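User: Please take a close look at one part of this one for me, the salt bridges. Walk me through who pairs with whom, then place that against the rest of the fold.

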Amino acid sequence: MGLSEIAAELETTTTEQRTRCVPTVDDTGVSLRERFETHADALPCAPAEAEQVVEAHGSGTSIGASAREAGVAPVTAAKLLHCCGEAGVNPLTPEARRIVRDWIDGHVSRTDALTLTQATASEFALATYIETHDPIDPLAEAVEGALTDRSDAAVAKRDSLAETMSSVGDLQF
């Protein structure tokens, strides 16, 4: 049997692909905004803005673009996503996070911590917020379907080996 005979026997189907969005898991009939309103005091922005950030980020938009779409600062959007249980919003490496925890515990001065982490002031502030605020469990459950862990083994490996790798900025010409 030749390739032409095999190809003649194959059936092909043509279907249209539907545009899909990431749905929000909600078994209670309560909207996402209403869930945000019940925890408004713990959120870094208004419930309406929080809903926009989560929906935009859940559909694959970056944190910065999600923030712009909702009309909030990117740091505020990152804080919100952390409150909703989103992993991967901390801009620091695991070692730098340990240094931030040492600063919070009073073992290192802020100046030394900033120097050791090589973080910008806004990155350091966001990391501090993340280390001092736990995710809000009811919100994490409310946005479970919209915010999934987008990390993969390569990112986890990169973070764990961050101190052993050099960056493009380390190259000398």
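Analyst: Let's fix one word before starting: a residue is called buried when its relative accessible area is under 20%, exposed when that area is over 50%, and partly exposed in between. Also keep in mind that this is a predicted model.

By that cut-off Glu51, at 14% relative accessibility, counts as buried, and that makes it a good place to begin. Glu51 is found in helix α3. Its salt-bridge partner is Arg33, with 2.9 Å between the closest N and O atoms. The pair links distant parts of the chain, since Arg33 is in helix α2 and Glu51 in helix α3, 18 residues apart. Arg33 doesn't share the burial label: at 34% relative accessibility it counts as partly exposed. So this bridge joins a buried acid to a partly exposed base.

Who else is around Glu51? Leaving aside neighbours within four places in sequence, Glu51 is in contact with Leu32, Arg33 and Phe36. Phe36 is worth following up, because that's where the charged pair leads you into the nonpolar interior: Phe36 is among the residues with the most contacts inside the largest nonpolar core, a set of 24 residues. Val53, Val54, Val72, Leu80 and Cys84 are the others on that list. The elements giving two or more residues to this core are α2, α3 (47–58), α4 (63–70), α5 (74–83), α8 (121–132) and α9 (137–142). Of these, α5 brings the largest share, five residues. Away from its neighbours in sequence, up to four places, Phe36 touches Leu43, Pro47, Ala50, Glu51, Val54, Leu80, Cys84, Leu139 and Val143. There's also a second, separate core of eight residues, including Ile99, Ala113, Ala119 and Ala127.

Back to the charges. Searching the whole structure turns up four salt bridges. One of them joins Arg98 and Glu95, whose side chains meet at 2.3 Å, N to O. Those two are three residues apart in helix α6 (residues 94–104), so about one helical turn separates them. Both ends are partly exposed: Arg98 sits at 37% relative accessibility, and Glu95 has a relative accessible area of 29%. There's a bit more to this spot, as Glu95, Arg98 and Asp102 are linked in a network of salt bridges.

Then comes Arg101 with Glu131, where the closest N and O atoms are 3.3 Å apart. Arg101 lies in helix α6 and Glu131 in helix α8, so this pair ties together parts that are 30 residues apart in sequence. Again both are partly exposed, Arg101 with a relative accessible area of 36% and Glu131 with 25%.

Helix α8 has another residue worth a look. Ile130 is in α8, and it's buried, with a relative accessible area of 13%. Its contacts beyond four places in sequence are His82, Val89 and Asn90. C-alpha to C-alpha, Ile130 is 7.2 Å from Lys79, although the two are 51 residues apart in sequence.

While you're in the core, check the cysteines too. The disulfide count comes to zero. Cys45 is buried at 10% relative accessibility, but the closest cysteine sulfur, in Cys84, is 8.7 Å from its own sulfur, too far for a bond. Cys84 is in no disulfide either, with the nearest cysteine sulfur, that of Cys83, 6.6 Å away. With a relative accessible area of 3%, Cys84 is buried.

Now zoom out. The chain has 10 helices and zero strands. Of its 173 residues, 28% are buried. Among contacts with a separation of 6 or more, 64% are between residues 24 or more positions apart. The accessible surface is about 11,400 Å², 51% of it belonging to carbon and sulfur atoms. One piece of the outside is a nonpolar surface patch of about 500 Å², made by Met1, Leu3, Ile6 and Leu10. Leu10 lies in the loop between α1 (3–9) and α2 (32–38), and at 59% relative accessible area it's exposed.

How values were computed
Residues are numbered from 1 along each chain as its sequence is written. This is a predicted model: local features need pLDDT of at least 70, side-chain atom pairs count only at pLDDT 80 or more; totals for chains, interfaces and linings use all residues. Side-chain values use heavy atoms; hydrogens and water are left out. Patches are made of residues with over 30% relative accessible area and no salt bridge: like charges are joined within 9 Å, nonpolar side chains (Val, Leu, Ile, Met, Phe, Trp, Tyr) within 5 Å. Accessible areas come from the Shrake-Rupley method with a 1.4 Å probe; for residues, only the protein chains shown count as cover. Helices (H or I, at least four residues) and strands (E, at least two) are DSSP runs, numbered from the N terminus. Buried means under 20% relative accessible area, exposed over 50%, partly exposed in between (1.4 Å probe, protein chains only). A nonpolar core is a set of buried Ala, Val, Leu, Ile, Met, Phe, Trp, Tyr and Cys residues joined through side-chain atoms within 4.5 Å. Contact means heavy atoms within 4.5 Å. A disulfide is a pair of cysteine sulfur atoms within 2.5 Å.
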